[in-house]
Amino acid sequence: MLNLTKRTAQDLAQHLQHRLAVAGMATVAPRIGDTKVEMAPLEKGHYINYQRIEDNLAIVRKRLNRPLTLSEKVLYGHLDDPVNEELIRGKSYIKLRPDRVACQDATAQMAILQFMSAGMPTTAVPTTVHCDHLIEAQIGGKKDLNRAIDINKEVYDFLATATAKYGIGFWKPGSGIIHQIILENYAFPGGLMIGTDSHTPNAGGLGMIACGVGGADAVDVMANLPWELKCPKVIGVNLTGTIGGWTTPKDVILKVAGILTVKGGTGAIVEYTGPGVKSLSCTGMATICNMGAEIGATTSLFPFNNRMEDYLKATKRAEIAQYAKTFQHNLKADEGADYDQMIEINLSELEPHINGPFTPDLATPISKFAQAVKDNDWPDELKVSLIGSCTNSSYEDMSRSASIARQASEHGLQVKSKFTITPGSEQVRATIDRDGQIEAFENVGGLVLANACGPCIGQWDRRDVKKGEKNSIITSYNRNFTGRNDANPATHAFVASPDIVTAMAFAGSLSFNPLTDSIKGSDGKPFKFDDPTGKELPPKGFDPGQDTFQAPPEDRSSVKVIVNPTSDRLQLLKPFQPWDGKDPKDLPVLIKVLGKCTTDHISAGGPWLKYRGHLQNISQNCLIGAINIANKEANKIQNQLTGAWGGVPQVAAEYREKGIKWVVIGDSNYGEGSSREHAALEPRFLGGLAIITRSFARIHETNLKKQGMLALTFVDPADYDKVQPDDKLDIQGLQTFAPGKNLTLVAKHKDGSKTEIELAHSFNEGQIEWFKAGSALNLMAAKAKGNAN
C-alpha cells in the first residue's frame with residue numbers, strides 16, 4: 001500500500017487530473033480552486049473547497065477505475081487520506097474531513113461540555129448552535145417562546161457564552177428549527193456536514209451530504225480530528241414521471257419508508273436519480289432527505305439542479321449557485337454508476353400515503369386508508385392535526401396548506417379537530433405572515449406555534465385527552481413512535497403530507513379522503529376540495545423577520561462561560577474509568593428488552609429535555625420506556641442481588657454503587673431514531689459495560705463505542721432467546737480484542753446450566769482503543785497531554 005505525504009498526494013492528484021483531462025474524463029480548467037466563494041454569507045473567511053474534491057477524486061478514480069455515484073463523489077472528495085484509505089462499501093471505515101458542524105440546543109450542551117474538556121481555544125471548522133428543542137408548545141407562538149426563554153435561561157446563557165468563547169455561531173430561541181436554518185443559510189452542493197440531530201440529512205435537498213451524529217463525533221471534528229464512518233453502501237431511487245395534484249414530495253419518502261422499513265437503509269446512503277427529480281422543489285427534496293432518517297439511512301442526497309439554483313438565489317447565495325454550476329460534473333452521478341440496490345418510483349402514478357401508527361414505515365395509500373382504519377380499529381375521530389416541523393414547514397408547504405384553508409373558509413368551515421401550525425424558521429414565519437398564509441390558518445381556527453420543534457419531539461403540553469386515552473392525531477412530522485409527540489402511549493400518531501393533514505382537520509375524521517370525498521359547507525351543501533396550489537418560493541422574496549443570530553465576537557479572551565456549580569440543568573463532565581484489562585464475569589442482565597427499543601425508549605424526550613446538560617439528572621430516565629421481557633412492563637426490573645423490584649435507573653445505580661457492571665440484552669435495530677448520545681452516556685454513567693442485541697441502528701452503535709461501551713451483536717440472532725433475564729454473564733475474549741475477531745458470551749442460568757454464545761462486533765482498532773481508554777474523549781485528552789500509550 002502507498003504511504004504518501006499530503007504534499008505528494010496533491011502532486012499526484014494534479015498529475016492524474018491532467019491525465020484524465022487528456023483521456024476526456026475531466027473537464028475543469030483552470031483549477032476550480034482558483035475561484036474563492038464563501039460557504040455562508042454569515043461566515044467570513046471560510047471558503048467552499050471544491051478543489052479538494054477535485055484532487056481527491058482524481059486519485060480515487062485512478063484507484064477504483066469505475067464510474068462513481070454522487071454520494072461517492074462527495075464522500076470520497078472529503079477523504080482525509082485519499083491515497084491510503086480502503087474503499088469497500090459496507091465494510092471498510094473511512095476518515096473524512098467535514099466542512100462544518102451543527103448542533104441543536106438539547107444536544108449542544110453535552111457536545112460543548114465535551115469540547116471544553118479538549119482544551120482548544122476555538123473550533124477547527126465552522127460550527128453553529130440552534131435553540132429549537134427546549135420550547136414547549138402550550139398556548140401559542142410568542143407566549144410559549146417567552147416562557148421558554150424564562151424557564152431555560154441558564155441553559156441559553158451557557159450556550160450563548162460558550163459559543164461566543166469558542167467561535168461558534170449562535171441562533172437564539174425563536175430563530176427556527178436547526179435544519180431549516182441550515183438549508184436557508186449554510187447548506188451548499190457538494191458539501192459535507194455532520195450535525196447532532198438525526199434529521200441533519202435535510203441538507204441533502206441542496207446536494208450536501210449531511211449526517212446525524214452523536215455529540216462525541218461532533219467534538220472530534222470541532223477539535224480538528226477526522227470523522228470516521230463505515231463506508232456506506234448506496235441505494236438508488238430512480239424517479240420517473242411528474243409529481244402533481246395531491247401528491248407531494250412527502251409521499252415519496254412515505255412510499256420509500258414502506259419499501260425499505262425502519263432498518264432497510266441502515267449503513268447506506270439513499271441517492272435519488274432520474275428525470276422525475278426535476279419536478280421536485282428544493283425544499284421538497286429536503287423533505288425527502290429529512291425523513292430518510294426513519295429508514296436508518298446514513299443520509300440521503302439529490303443531484304444539483306436548477307431547483308437548487310433557484311433556492312440558493314432566493315436565499316441570497318447566487319454566488320454559490322454559480323460556483324456549483326461550474327462544478328456540476330462532480331455534483332451528479334457518473335453514467336453507469338453501480339448501486340447496491342435500486343428502487344423505481346413513477347411519480348405520475350404515486351398517490352398520497354399515510355404512515356403509522358406507532359412506526360413511520362407502516363405505509364398505506366390514501367385510497368386504502370379508510371378501510372385500514374376500520375380493519376385495525378384505529379380511532380377514526382381525529383383529535384389534532386399538526387403541520388410544520390423540520391420536515392414540512394417550507395414556504396411551499398405553507399402556501400399549499402393555506403390554499404386548502406382558504407377553500408374551506410370560502411365555504412364557511414372551521415376546523416373540526418384542533419389544528420396547529422409550526423413555521424420552520426423566523427424567515428418562513430415572517431414571510432407567510434406578510435403574504436397572508438398565517439391569516440388564512442387563523443381564520444379557520446388554526447393555532448400558530450413558535451418557530452421550534454414543539455410537538456414533533458414531545459415538547460407539547462397537551463391537555464385535550466387524558467394519558468392512556470385512546471385517540472388519533474395526524475401530523476406532517478417525520479417520526480411517530482409510541483408516545484413520541486405527547487407522552488401518551490395510547491395516542492395513534494399518523495404521518496402524512498401537510499396537504500392531507502390540513503384537509504383532514506376540516507373533516508375531523510381519519511376516513512376522509514380529500515381526493516374523492518365531499519365535505520359539507522356551512523350552508524349544508526357538499527363540496528370537494530380542489531387540488532392544493534402554492535408557490536415554491538415567495539414572489540416578493542423572503543422577509544428575514546427578526547434578527548436572531550449572534551456571531552462570535554472578534555476578541556473572545558474576556559468571555560466567561562457561565563456554568564452554575566449548583567445547577568440541576570448543567571453539570572461539568574468527569575472522565576469515565578478505563579477498562580480494567582480483565583474479561584468480565586458474573587455480569588447481571590439489567591434488562592432484557594422486548595421488541596422495539598428506540599432512543600426515545602432509552603432516553604425519553606419531552607420534559608426530560610431540560611436535563612440534557614446534566615448527566616446525573618438525565619440518567620434518571622435511562623431505559624424507562626423499554627419493555628422488560630420478564631414481566632412485559634416498562635421501568636420495572638428485578639435487582640438480582642436483593643430480589644426487589646424497582647425502576648431501571650435505580651437498579652442500575654444500585655449495581656454501580658456496589659462496583660458491579662451490568663449488561664442490556666436488546667432486540668433488532670436497537671437504538672433507532674434520534675441521534676441523542678444521552679442514550680449511550682446514561683447507561684455508561686450508571687455502570688453499564690455492554691449492550692448485546694440482534695442488531696443496532698448506526699448512530700447509536702457509534703455513540704456507545706464513543707462512550708467506552710461494548711456494542712455487541714449475536715452472530716445468530718436467534719441466540720437472543722437463549723439469554724434469560726436472571727442470567728449471570730461472562731464475556732470472554734476482551735484480552736485479545738481485535739477487529740473481526742468474535743467474542744464469547746457465557747450465559748449462566750439459574751438452574752446451574754451454561755450456554756456459550758458467539759458475539760460479533762464492528763470495532764476497528766481505533767474504536768478498541770476508545771474502549772480501553774474508557775471513552776473516545778479520554779483517549780483524545782490523553783493524546784493531547786502526550787500521555788497516550
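The following exchange goes through some structural terms and the values behind them in this predicted model.

Trainee: What should I know about numbering and thresholds first?

Mentor: Residues are numbered from 1 along each chain as its sequence is written. Because this is a predicted model, local features need pLDDT of at least 70 and side-chain atom pairs count only at pLDDT 80 or more, while totals for chains, interfaces and linings use all residues, and side-chain values use heavy atoms, with hydrogens and water left out.

Trainee: Why is S385 called buried?

Mentor: Buried means under 20% relative accessible area, exposed over 50% and partly exposed in between, with a 1.4 Å probe and protein chains only; S385 has a relative accessible area of 0%, so S385 is buried. S385 belongs to strand β16, residues 382-388, where strands (E, at least two residues) and helices (H or I, at least four) are DSSP runs numbered from the N terminus.

Trainee: What makes the pairing of S385 and S417 a polar contact?

Mentor: The term asks for a pair of N or O atoms within 3.5 Å, where within protein one must be able to donate a hydrogen and the other to accept it, and residues adjacent in sequence count only if both atoms are side-chain atoms. The side chains of S385 and S417 are joined at 3.0 Å, so the pair falls within that limit. Leaving aside neighbours within four places in sequence, S385 also has contacts (heavy atoms within 4.5 Å) with residues including F419, I474, V501 and M504.

Trainee: How do you know that the buried residues of helix α13 line one face?

Mentor: In α13, residues 366-375, the buried residues are I366, F369, A372 and V373. Seen down the axis, they fall within an arc of 100°, so they line one face of the helix; the arc is that of the directions from the helix axis to the C-beta atoms. The face turned away from the buried side carries the exposed residues K368, K374 and D375, whereas the cover over the buried residues includes β14 (353-355), β15 (363-365), β20 (491-495) and α17 (498-507).

Trainee: Why is the pair of F369 and F494 called edge-to-face?

Mentor: Rings of Phe, Tyr and Trp (its six-membered ring) pair if their centres lie within 6.5 Å, and planes under 30 degrees apart count as stacked, over 60 as edge-to-face and the rest as tilted. F369 and F494 are 5.5 Å centre to centre with 85° between the planes, so both conditions are met. F369 lies in helix α13 and F494 in strand β20, so the pair ties together parts that are 125 residues apart in sequence. F369 is buried at 1% relative accessible area, and F494 is buried at 0%.

Trainee: What makes F527 and F529 an edge-to-face pair?

Mentor: Their centres are 5.3 Å apart and the angle between the planes is 80°, so the pair satisfies the distance limit and the edge-to-face angle. F527 is buried at 7% relative accessible area, F529 counts as buried at 3%, and F506, F512, F527 and F529 form one aromatic cluster.

Trainee: How do you know that K592 sits over the ring of Y720?

Mentor: A charge sits over a ring if NZ of Lys or CZ of Arg is within 6 Å of the ring centre and within 35 degrees of the ring normal. K592 lies over the face of Y720 at 4.3 Å from the ring centre, and the charged end of R656 sits over the ring of F685, 5.0 Å from its centre.
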